[in-house]
Amino acid sequence: MTDLLRLGLHDLHVSLGGKMVPFAGYEMPVQYPAGVMKEHLHTRAAAGLFDVSHMGQVILRPKADMATLCAGFEAMMPVDVAGLAAGRQRYGLFTNEQGGILDDLMFANRGDHLFVVVNAACKAADIAHMQAHLATVAEVLPVTDRALLALQGPQAEVALSRLVPQVTAMRFMDVAVVDSLFGALWISRSGYTGEDGFEISVPEGGARGLAEALLAMAEVAPIGLGARDSLRLEAGLCLYGHDIDQDTSPVEAGLTWAIQKVRRTDGARMGGFPGEARILRELAQGPARRRVGLRPDGRAPMREGTALFTPDGAPAGRVTSGGFGPSVEAPIAMGYVDAAHAEIGTSLMGDVRGKQLPLSVCDLPFHPTTYKR
């Protein structure tokens, strides 16, 4: 792992017994001594602390005014940027001319600028993409001197409010900048587990102090990549490069909730984004395939790449994410199937090491979300 980058909190992860593995160009903790299962269940029951500093943090500062910046950013995705109020965050999708997804991201309106968080494996490409498309309207400023922590779970508010009392007033997708003993914290009430929680951008110099203060609380435990993946799978959330990619449209991926009415056909700002012809057509007519939840009938997990067939042996699709769901105590998966086989309850077969095993199409998410609305 000599060519990998290290997180600012690398030494803390090692001291906590974190097992470090390569991920998106970084050495990342995949688990701690408690193990993936216990970490997952602890997050669902109390609060888990994740180091997600490998993600890309970017500030978009307007060269003229916020309206011009928002219009430029909105032209890069099928999402309502102009209508996002100050102090709020939204899920976004960069699309290409073919209607595929270049990356999924979060962006926040912080009054006089936008704050964007992109996926680690895509951040260099995303920053270049923003610099190319926003050159006349924004300064694109990568944030390189801050860590990013996620505190997730039903006790996340109780824990964080001991240090930052203001978070109790926040609702899902609110953002705030709050002074603290650890420096100015950029906080959003959001996350990647399906649980209530927060993502906290903290100055590098205060990151270890904040992490240790949280980990000293009985509710909070360190959580690695393994449990992060099983939590997001139970929540039915996409992993870029697996469940969504440059060939997948937002409509195929079941992300139509992220395309607000104002950007759709007959909306006030219809289209005007890359791939609009395909995306608007699929919104109107339906896509040829759909992302669905999948429930194997037995105890054997069906992992990414598992080919799916109809009961009579015709190809039907493939699994893009799969594993064991600790909270649902059963194997779970997501994947793409032909639209004709996407109805809830449809019976399919998965090829697991040459054996045809039964599974069925099911609703997402597998575990209910607990966001604070």
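What follows is a short chat between a student and an analyst about reading this predicted model.

User: Before we start, what should I know about the numbers here?

Analyst: This is a predicted model, so residues count from 1 along each chain as its sequence is written, local features need pLDDT of at least 70, side-chain atom pairs count only at pLDDT 80 or more, and totals for chains, interfaces and linings use all residues. Side-chain values use heavy atoms, with hydrogens and water left out.

User: Okay, how many helices and strands does the protein have?

Analyst: Helices (H or I, at least four residues) and strands (E, at least two) are DSSP runs, numbered from the N terminus. Here you get eight helices and 20 strands.

User: What does the radius of gyration say about the protein?

Analyst: It's taken over C-alpha atoms, and the globule rule is 2.2 Å times the number of residues to the power 0.38. For 373 residues, a compact globule would come out near 21 Å, and the protein's 21 Å agrees. Along its principal axes, the C-alpha trace spans about 65 × 50 × 40 Å.

User: And what share of the residues count as buried?

Analyst: Buried means under 20% relative accessible area, exposed means over 50%, and partly exposed is in between (1.4 Å probe, protein chains only). In this protein, 56% of the 373 residues count as buried.

User: Can we zoom in: which residues of helix H3 are buried?

Analyst: H3 covers residues 66-74, and its buried residues are Met-66, Leu-69, Cys-70, Gly-72, Phe-73 and Glu-74. Their cover includes strand S5 (56-62), strand S6 (88-95) and helix H4 (123-133), among others.

User: Which residue caps the N-terminal end of H3?

Analyst: That's Asp-65: one of its side-chain oxygens lies 3.3 Å from the backbone nitrogen of Ala-67.

User: Now backbone angles. Which sign of phi do most residues other than glycine have?

Analyst: Most have a negative phi, and most peptide bonds are trans. Met-173 has a positive phi of about 75°, though it isn't a glycine. You'll find Met-173 in the loop between helix H5 (156-161) and strand S11 (175-178). Asp-266 also isn't a glycine and has a positive phi of about 75°; look in the loop between helix H7 (225-234) and helix H8 (276-285).

User: Are those two buried or exposed?

Analyst: Met-173 is buried, at 13% relative accessible area, whereas Asp-266 is exposed, at 75%.

User: Where is there a cis peptide bond?

Analyst: Go from Leu-364 to Pro-365: that bond is cis, with omega near -5°. Pro-365 sits in the segment after strand S20 (355-362).

Key. Contact means heavy atoms within 4.5 Å. A polar contact is a pair of N or O atoms within 3.5 Å; within protein, one must be able to donate a hydrogen and the other to accept it, and residues adjacent in sequence count only if both atoms are side-chain atoms.
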